[in-house]
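Trainee: Can we go through this one together? I'd like to know what stands behind each label before I trust it.
Mentor: Sure, put it on the screen and ask away.

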Amino acid sequence: MTLDQILLMRHELLLIITAVIVVVIELFTERDNKSVIIPSVVFLFLLVTLAGFLPIDTGKLFGGSYQTSDMIILMKNSLNIGVLIVLIQSAGWLKHSFGNFDNAGGYYFIVIASLIGMQYMISAGDFLIFYIGLELATIPIAALAASEKMKRKSSEAGIKLILSAALSSGILLFGISILYATNGSLFFSSISADNLNSNLQVLAFIFIFTGVAFKISIVPFHLWTADVYEGAPINISSYLSSISKASAIFILVILLFTVFRSLLPVWNTVLYFTAIITMTIGNLFAIRQKNLKRFLAFSSIAQAGFVPLGIIGGTQLGVASVIYFLLIYIFSNLGAFGVVSAISNATGKENMDDYDGLYKTNPRLSLVMMLSLFSLAGIPPVAGFFGKFFLFTAAAVQGYYVLVFIAVVNATISLYYYLLIVKAMFINKNESPIETIVNDNYTRAGLFICVLGILFIGFAGVIFEFIESVSKGIS
Amino acid sequence: MENFSYTLVIPLILFFTFVFTGLFGGKFKPVISGIICTVSVFISAALSYFAAYQYFFIYGKADGAYRLINVFSFHWLRFNDNLSIDLGILLDPISVMMLIVITTVSLMVHIYSLGYMKGDIGFSRYYAFLSLFTFSMLGLVLSVNIFMTYMFWELVGLSSYLLIGHYYEKPAAVSASKKAFIVTRFADLGFLIGILLLSAFAGTFDFNKLTDPNGGAILQSASATFLGLSAITWALILIFMGCAGKSAMFPLHIWLPDAMEGPTPVSALIHAATMVVAGVYLVARLFPLYVFTSPQALEVVAYVGAFTSLFAAIIACTQTDIKRVLAFSTISQIGYMMVALGVSGYGAEEGLGFMASMFHLFTHAMFKALLFLCAGSIIHAIHTNEISEMGNLRKYMPVTHITFLIACLAIAGVPPLSGFFSKDEILVAAVEKNFVIFLVQYIVAGITAFYMFRLYFMVFWSRDTKYEHDPHESPKVMLFSLVFLAVAAALAGFIPFSEFVTSNGVPFASHIHLSVALPTVALALAGILTAYFLYKKESGSPDKITNSLGIIYRSAYRKFYIDEVYLFVTKKIIFNLISIPVAWFDRNVVDNAMNGIAFTTNYISEKIKVMQSGQLQQYAFVMIAGMILIFLLTLYLIIV
Amino acid sequence: MPEGIGIQHFLILSTLMFFIGVYGFLTRKNLITILLSVELILNSVNINFVAINKYLYPENLGGHFFAMFVIAIAATEVAVAIAIIISLYRKLKMIDVENVNEMKY
Amino acid sequence: MDLIYLILIPVITVISIVLSENRKQSRVIAAVGTGLQLLFSVYLVVLYLTERGAGNLEEMLFSHKYLWFSSLNIYFSTGVDGISVSLILLTSVILFTGVLASWDVEYLYKEFFISLIVLATGVFGFFISLDLFTMFLFYELAVIPMYLLIGIWGSGKKEYSAMKLTLMLMGASAVLLVGLLGIYSYSSPTGATPLTFNIIEISKIHIPIEAQRYFFPMVFVGFGVLGALFPFHTWSPDGHASAPTAVSMLHAGVLMKMGGYGCLRVAMFLLPDAANEMAWIFIILTSISIVYGAFGAIVQKDLKYINAYSSVSHCGLVLFAVLMINKIAMNGAVLQMISHGLMTALFFALIGMIYGRTHTRDIREMGGLMKIMPFLAVCYMIAGFASLGLPGLSGFVAEMTIFIGAFQNADLFHRGLTILACSSIVITAVYILRVVAALLLGPANRNFPGTKNDAVWNEKAVTFILILAIVGMGLAPFWLSDMILNSLNPIVQKLALLK
């Protein structure tokens, strides 16, 4: 194995190095000088993110256990960008929650570790790597979810996440073991080379699907989502709802398109129904929510319900639109979470009523929030519109008009509750609105990146074209 | 060759006067707007007379018949190769005759109003609207295209609306103007549908093509039928509905008496002389179509006209408002014109009725305008409309008295005044065609004489009423108009009308038919005498008679409750039974259906919240159950 | 290889274990017991992997390795879970799963 | 000549408003920007007419194509024909007057003008789009600012109305989107060419009738909701009633026209078989709209509700005419869009001005305004007369064209319903005169709060421009009508060939 080959794993290696550096920095900073960690880590991570865009070879490692392709690299880069935003946005929370950035190093280390897990998961060429990556992505996050030791909700979120995740990975593993029994191999390539058609294999598929769907919070595997998002610290929620969800969808796409290619009729049906029920349930729950984190949780469930529209039918265009949608979704969702987090850090207020009259005192935050919500709702000219439109197009071209119809109706319902927040911020009168918040530069930068993404990803046809071109390999 | 293009100026000058005084009338002294308008009407009238002279005596005739002259026309709105709304000017005997009528009466009214409306705050507005009206009326009669007629038809309706509502602070005037507009609008709906039907079958809006007896329009028609009548009949009946609305034929007459809320000169111009005869004019304009394609429609015209003339005459005997008496008299007289058209045939002598109708239109315009202007003069003097509050006015207002008497004699049909000649022709035409109708018209002639002289005697003779301050004769400008019109009303009968205006343009000579004329004159004199004995001196006898008539009198006094019927239909049925339910339905059913979607969504959302119980184990259970469900689903798919 | 014991026995055992684990997860009230149930599930998977590898595909060791990793990861999972349970216990003074329901609807 | 300026000018205006420093500056910038847009639109009309006069017979003039998403074959393609040119002119007139009418906005003035102009940008974009994708994009772009405009600057139960309006319109766009995607997915019958959103290209192919049967109702209803199609019109009364003046103007004047335009350009043009086959269903619905809206207006007491219902009736006429599938009626439909746009904008502008003085919109509380504010009263009357279809004003031209056109269909069904539709002119007269009588005439009722002065300069400008347009169209409809007629040829040919 040469260096060149090892460098196929550049993303992961860089992250590992970063993680190590983070630990080192943490070790060698004085207790009252911890704030230096944040800029250094953010800077480091920025470098890592940028390095991810450098040209890179694609290929396989470890006898096929590890694989990369242009599409996978793109997925990793999207995750990197998302995590970069999360890291920036976390600064406020770290300061506010742990006083003097006590746990900053640990926090960053864990997040990066989780990201490493995700990247390995996406790059997995066999189920072992996939499984390890999956667990590495989840377990640290559970710890982080429970990290606000003073809050009962935080611990509750942690325990709910870790236990449900454990159950789901148990199911997933059981599915893998069945697949292993029928096939004798754990490598994606050799499994997909076989024509999967036995009932046992279908059963295995469903077990594995359950395990992954849990991560995406597809209904009916979504119930943990709202509670965990609400209880966990906001930045963890935003990480879970954006990065973690996106990575799980990426791997789902890869699994479905490669390993379970031959079960296409089966997973088409499964996705068809789960998509409908996911959107609908997510929306119906979101309507009533008053706590914004919980609200965004259900909104993210509903958003996840749109993704199957791109996957269904198994076309390249669909995959491209899924990736595109997720890229936009990451920006939009992080934008919304970023505002919630900025306000929550400054005032501790997380309820919709608290946002009444926000525009009066915090016009910029309100505008960012509005843009993010519009993007989530799919309103032009912000990017969300394009993301959704292409998803719908992908499904419609396949002839799934009913599904598209239901999805579009759901998008309208979702508009309703997004508008509720817009209404609170812009229209509702409030005697004592949240006072003007002076944001630190990190929050500003984080939100700024989100806004840039929201405004321009949609218009930039080149981005979609690029995604479309790299997703050629998969179908 | 002849050049009539100057006729374009006749209507247009008034349009510009309207725009000018309308926009800038407030900028200078009111009387200046009055003078500007009067001068332009004068120009218009002069040109009309000149045009009439040129048409009737120099250029109009070709091969012994008056022909249609299309002065010019252009496509205002083109639909396809055949259908277009054209604007232009069409000269033929009736339109030229109408030019004379309109501009003459209008000029008189303009002059008269200089005195009558003096000091009114809306003086220049009034004159602007008068110009608008005259413009529209001229446009109407000069139309080359039935749709152009419709356009100006609407415009005269508008100007009528505006002028009736001149005293817009008076609720009665406001509601009268509203009523006039809506009733005629309703009738115009018939007109519009008639036009649509006509155009669908005849394929053109152009009068030249529509009324050409050998043209395609007439030959093509009468193919499709609906409810037993041919489509063209329906079309013509519907168009007649529009005419009936404008000309206040029963049952669409109800707006005209109320329209008397407007200034009296307006009543003279619009609601006596010109606009209300537009219906007659339109039937005359489409006359070949009526005659050749649909005798049934023509019968409808005749019967409606006959009934209306009788009906209105009876009501006129009971009214106590001077202007309302005149209004019902107008309705009755227009009924005459309609009857004349209805009984007419096509041709020279056969078209006697047509000629008579136009003749009567002409004479009626003169004497009825005169009557109204006299009434205006009286109202100007004593500030009331109630004839019971008048009496003995001949002492105070001699000129008004004489001119009024001339007009009364004219309308009563006493020779040698104009009304005698035209009415005689109508009765002759009727007796040849339909005896029942003739009989009705004959009786109406008597009633007409009676109620006119009832009015005359009650106003100018009767008791010696005490007035708050002595009535005085009207100013000179008003008297000028009265005298001018009185002369016209007296002499118009001597015009050899049949030499100019006939249904097919071929002149013929008409004569007095003594067999009809003598009984009619006798009856008219009888009517006058009855009125003389009853009303010359104040006496109790009229009250006795009315009491003995009881319910008949009361219902005639209440105009046979037609207004109440309308009120019932509009207020109770349209308002309460349609509109309010529609509004309710919209707010409560349709809207709630839409809100219901939102509500249901919220309701379901509330109901399913137990799914999210917060219990970890329940979550896990749902997850496992969901997985099993998906498995069952796929199993099902595999098996199927 | 023991006499008379075939792959089906292992599979039956593992399946039973799996469902017992699931059942335990759904019914036990104590968080620690629930954690144990998860362990049962994971161990049933381990048995599966090992048995399948041994009986059906003895030529490679994929299943064995997988089982090793699962064991290792299960350990970390338990570590984190226990830590969270302890943190929860500090606030609730009990570890009954039914009390972990502050957030719902 | 590049149509993209129609988008760029508003965008630049918006940016300038963002950068402006005070209220004075922002409103002047808004007025100048929209004024420029108006001039540009006039210039466009002139260019269009010269181009046509020079014998250019292309279906769409000034067309440009910018590749946007090549893999989906999405272009930003623009182009105009007589229909869109006239609607663009309408939009810019109403936008400009709308800005003038909101001269006195104080609360969040920047945001107000920005939202207003963004809305208008959506409308302009919609009318110049030749691509279903951009068309849909601009459609939604135009709807969303409405929420803020009504919600923030509205009155009455504004939150409810704003939400209802937005959701109903977005719900409609949901249905529409499925229809559009359906068209897209059938846009390459042979598979030889890539799927396309381009209207002109799609119009050249034939979509299977089975597919059309599904997509036609979707597209038609999707656009129809915006055109206040019964029974999906209920957003309109509430929305109008709560919206601030300029928004009502733009909304009723322009936004609702997008519905009619979409029905014509997409539903009828691209799905002709189904249009021929299913028109009768919608003809019945629109006939109901026409009569129902008019009757509904009779009993309303709020000025804005009266106009909202009247709009339902008038816009019903637009869709009614579109469905008549003949050139004259469709010409009437476009004329009616323009006419209704102008007069309803005038109405709402005047209602706003009157409301600003009387602080009430209840006709029972007012009376005799002719005495108190004669200028506004006269203008209101003119608007009313335009609405009831008086010759010389725009309404007449449009309505008559529709009726004549609709009557060309030689069967009892069409003709019967045309007669029913005609009857609306009487009902319209009833409610218009009722309002005029109660509001303007009669003894002056001065018992309302607020000032009693007459119009000021910006209000005069607004009414003057709009009345000028109404009268202009009423007196000289020929050039507009001819421009539209010629552009209708492709649509009518496509529909009639299949009849």
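Trainee: What makes up 58% of the 640 residues in chain B?
Mentor: Buried residues do. To earn that label a residue needs 20 or more other C-beta atoms within 10 Å of its own. Keep in mind that this is a predicted model.

Trainee: How do you know that Ala248(B) is buried?
Mentor: Count its neighbours: Ala248(B) has 30 C-beta neighbours inside 10 Å. The cut-off is 20 or more, so Ala248(B) counts as buried. Its backbone is worth a look too, since phi is positive, about 55°, although Ala248(B) is not a glycine. Most residues other than glycine have a negative phi.

Trainee: And where does Ala248(B) lie?
Mentor: In the loop between H9 and H10 of chain B. Pro251(B) is found in the loop between those helices, H9 (231–246) and H10 (255–258).

Trainee: What makes the bond between Phe250(B) and Pro251(B) cis?
Mentor: Omega, which is about 0° there. Chain D has a cis bond as well, from Phe230(D) to Pro231(D), with omega near 0°. Pro231(D) sits in the loop between helix H8 (209–226) and helix H9 (235–242) of chain D. Most peptide bonds are trans.

Trainee: Why is Lys93(C) called exposed?
Mentor: Lys93(C) has 8 other C-beta atoms within 10 Å. Exposed means 12 or fewer, so Lys93(C) qualifies. Phi of Lys93(C) is positive, near 60°, and again the residue is not a glycine. Look for Lys93(C) in the segment after helix H3 (62–92) of chain C.

Trainee: What makes a set of residues the largest nonpolar core?
Mentor: Members must be buried residues of the listed nonpolar kinds, joined through C-beta atoms within 7 Å. The largest such set here has 713 residues. Those with the most contacts inside it include Leu309(A), Val404(A) and Leu370(B).

Trainee: Which residues does Leu370(B) touch, leaving out those up to four places away in sequence?
Mentor: Thr403(B), Ala407(B), Leu482(B), Leu485(B), Ala486(B) and Ala489(B). Ala407(B) and Ala489(B) are also among the residues with the most contacts inside the core.

Trainee: How do you know that contacts in chain B reach far along the sequence?
Mentor: Take the contacts with a separation of 6 or more: residues 24 or more positions apart account for 81% of them. Chain B has 25 helices and six strands, and its C-alpha trace spans about 110 × 65 × 55 Å along the principal axes.

Trainee: Which of the five touching pairs of chains has the most contacts?
Mentor: Chains B and D. There, 38 residues of chain B are in contact with 40 residues of chain D. H6(B) gives the most to the chain B side, with 14 residues. That side divides into 25 nonpolar, six polar and seven charged residues.

Trainee: How does the A and B pair look?
Mentor: 26 residues of chain A are in contact with 22 residues of chain B. On the chain A side, H12(A) gives the most, with eight residues. The residues of that side are 19 nonpolar, four polar and three charged.

Trainee: How do you know that no contact joins chain C and chain D?
Mentor: Their closest C-alpha atoms lie 25 Å apart. A contact needs C-beta atoms within 7 Å, and no residue pair from chain C and chain D makes one.

Key:
Residues numbered from 1 in each chain as written. Chains lettered and ligands numbered in written order. Predicted model: local features only at pLDDT ≥ 70, side-chain atom pairs only at ≥ 80, totals over all residues. Contact = placed C-beta atoms within 7 Å. Helix = DSSP H or I, 4+ residues; strand = E, 2+ residues; numbered from the N terminus. Nonpolar A, V, L, I, M, F, W, Y, C, P; charged D, E, K, R; others polar.
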